[in-house]
Amino acid sequence: MSETVETTENFEEMLNAFENEQKKTRVRNGMIVSIDEGTVFIDVGEKVEGVLPKTEITDENEELKFNVGDGIPVVITRRRTSKGAAVLSHKMAVNEAKRKEFLDKFNVGDVVEVTIAELNKGGFVAKNEDGIEFFIPKSESALKLNEDNIGKKITAKIIEIKKNGVVISRKQLLNEKKEERNKFVESIKDEIVNAKVKNLKKDGVVIEFENGWTGFVPKDEVSYKKENHFRLLKKGDEVEVKLIDTDKMLFSIKATQNDPWEEVKESGIANGDVLNVTVTNIREYGAFVDIGNGVEGFLHISEISWNSNSKIEDLLSVGDEIDIEVTDLDLENRRLRVSYKSLLPKPSQKFAENHNEGDIVEGKVVNLTDIGGFIEVDDVVCFLPNRFVSWTKGEKAKDILENSKTYEFAVISIDADNNKIILSRKDAEDSPYVAFAKDHSLGDSIKGTIKNIADFGVFVSFENGVEALIRKNDLEKDIEEYNVGDEMEGHIVELDAENKRVKLSQK
């Protein structure tokens with residue numbers, strides 16, 4: 001009981017202190033006696049005249065709003081100056097008039113918007129846009145009593161109106177709003193309710209209800225579809241939502257809909273099944289397809305065409321209806337992967353019908369990479385590994401071939417099941433060793449350039465790409481006396497064009 005009495009007395013003490021400050025603002029009617037360069041002298045019925053700054057009765061253009069002899073409302077802010085005159089304020093009188101007008105207009109329980117202006121004994125002094133002052137006891141502020149809150153705009157409830165002061169409470173308003181919120185939350189639990197899209201954000205959707213309360217729909221709760229919520233909704237749309245988190249006021253749109261994955265589960269769809277689907281979205285890495293009930297499957301770019309150089313936009317468009325094969329159905333993780341190309345004829349099968357291994361074919365270069373080239377033969381893309389590019393060791397496809405140009409190639413292998421066809425550029429040409437064998441015989445003397453030196457001998461190369469070995473024992477000097485790049489001569493002691501083997505000797 002004593003604690004309640006003490007709290008009441010402290011509140012009365014704070015309010016009285018606030019009211020004492022307001023007594024200074026009693027408005028008096030005065031008359032302008034004279035105006036000099038910067039001061040206005042006013043008769044307020046006291047034994048001495050009062051003074052106020054001339055700037056208080058001039059407008060923004062420094063034009064006088066009053067003249068000598070005019071009546072003017074003022075407030076005495078200080079009874080005597082050092083010269084014996086009372087200090088007056090016209091602006092304070094105007095503000096006081098506004099305050100009284102406010103007091104006549106508002107009642108206890110009304111809500112006001114104010115800005116905290118200063119700290120006061122036991123609370124805050126705040127002002128509204130008209131400059132009217134309000135007192136907020138610390139216990140009613142729901143704020144820490146420090147200067148960090150000065151300038152803070154708040155909404156509060158009038159809890160007491162006295163002749164010289166207005167007391168407001170932010171705490172009561174917050175508690176009432178919390179109570180109203182709790183009632184609203186309780187009324188919509190487990191219910192599907194209507195709302196309107198108020199705003200779209202990166203992480204979700206802000207919604208608003210008819211009663212003004214707002215909530216938030218996380219982007220993952222917008223739809224079962226794997227689609228950006230900015231594409232699905234726009235500001236002002238009417239939506240049905242369900243509450244999923246009472247503390248954070250989080251809602252779900254998809255919770256109001258039937259779970260399409262349950263339908264998939266009940267349907268018995270399995271890997272290997274063929275479905276007719278609609279293309280809903282296309283990305284650079286693949287496409288998304290709707291299997292008919294809102295569940296989307298992912299069609300990776302590698303599963304769209306057997307031609308790895310094809311562009312998605314040249315093959316599919318949003319809205320296309322296509323047949324696909326289910327390749328990876330994961331009900332637990334709600335993941336569906338499909339293939340389009342698995343239902344298409346493999347290009348290698350058609351190629352195998354018209355060509356055999358060893359055939360010489362014409363092909364156009366469609367792409368060159370670090371590992372080889374992709375060659376189009378009869379509308380089928382084949383692969384040319386770097387090792388089959390040239391008889392010269394180390395040469396790559398991108399070094400000697402040009403995009404879009406046509407060359408002859410030999411078919412090395414056809415793997416129809418895995419849709420893999422390997423070509424060779426060098427095998428489409430005569431082996432330089434065959435040509436070398438036609439022009440040279442055993443015993444012929446020939447000059448070349450040292451290309452490599454090994455422990456067991458020296459490799460010599462010739463202009464046509466042929467290489468020959470001179471074993472260490474067949475050198476006329478010690479192997480240490482030779483250097484890469486030196487010219488070297490020897491006579492042919494072995495010539496095997498079929499196995500691309502040539503040996504020389506200097507002895």
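**Group meeting: two barrels, a hairpin and a helix**

In strand β3, Gly-50 is the bridge partner of Ile-42. I start with that pair because it belongs to a wider pattern: strands β2, residues 39-43, and β3, residues 50-53, run antiparallel and are joined by four bridges. Before going on, please note that this is a predicted model. Helix α2, residues 90-105, packs on the sheet, where it touches β1 (27-35), β3, β4 (71-78) and β5 (86-89). The direction of α2 makes about 105° with that of β4.

How are the five strands ordered in this barrel? The order is β1-β2-β3-β5-β4, and the pairing is mixed. From one strand to the next, the twist averages 55°.

A word on confidence. The protein has a mean pLDDT of 86, with 93% of its residues at 70 or more. Residues 1-9 have a pLDDT below 50, and that stretch has zero contacts in the model beyond near neighbours in sequence. I will say nothing else about that stretch.

Next, the hairpin of β7 and β8. Strand β7 covers residues 123-127, and it pairs with β8 in the antiparallel sense over five bridges. One of the facing pairs puts Ala-126 opposite Phe-134 in β8. Between the two strands there are five residues, and in this hairpin Gly-131 takes a positive phi near 85°. Is β8 largely enclosed or largely open? Four of the five residues of β8, which spans 133-137, are buried, so the strand is largely enclosed by the rest of the structure.

Now a single residue. Leu-243 sits in strand β14, residues 238-245. Is Leu-243 buried or exposed? The relative accessible area of Leu-243 is 13%, so this residue counts as buried, the cut-off being under 20%. Which residues does Leu-243 contact, leaving aside neighbours within four places in sequence? They are Val-185, Ile-188, Lys-189, Met-249, Leu-250 and Phe-251. For a sense of scale, Leu-442 lies 199 residues from Leu-243 along the chain, and their C-alpha atoms are separated by 94 Å.

On to helix α5, residues 260-267. Its buried residues are Pro-260, Trp-261 and Val-264. Why do these residues line one face of the helix? Seen down the axis of α5, they fall within an arc of 105°, so they line one face. Lys-265 and Glu-266, on the other side of α5, are exposed. The cover over the buried residues includes β19 (321-330) and β20 (335-339).

Both ends of α5 have something to look at. At the start, a side-chain oxygen of Asp-259 comes to within 3.0 Å of the backbone nitrogen of Trp-261, and Trp-261 is one of the buried residues I just listed. Just after the helix, Gly-268 takes a positive phi of about 80°.

Last, the other barrel. Five strands close in the order β26-β27-β28-β30-β29, again with mixed pairing. Here the twist averages 50° from one strand to the next. Strands β27, residues 457-461, and β28, residues 467-471, run antiparallel and are joined by five bridges. Which residue in β28 is the bridge partner of Ser-461? It is Glu-467.

To find your way around the model later, begin with the Ile-42 and Gly-50 pair, then look for Ser-461 and Glu-467. That is the end of the tour.

Terms used
Residues numbered from 1 in each chain as written. Heavy atoms only, no water. Buried < 20%, exposed > 50% of the residue type's maximum accessible area, 1.4 Å probe, protein only. Arc of directions from axis to C-beta. Contact = heavy atoms within 4.5 Å. Polar contact = N/O pair within 3.5 Å; in protein donor to acceptor, adjacent residues only side chain to side chain. Pairing = 2+ DSSP bridges. Axes fitted to C-alpha atoms, helices over the stretch in contact; angles between N-to-C directions. pLDDT = per-residue confidence, 0-100.
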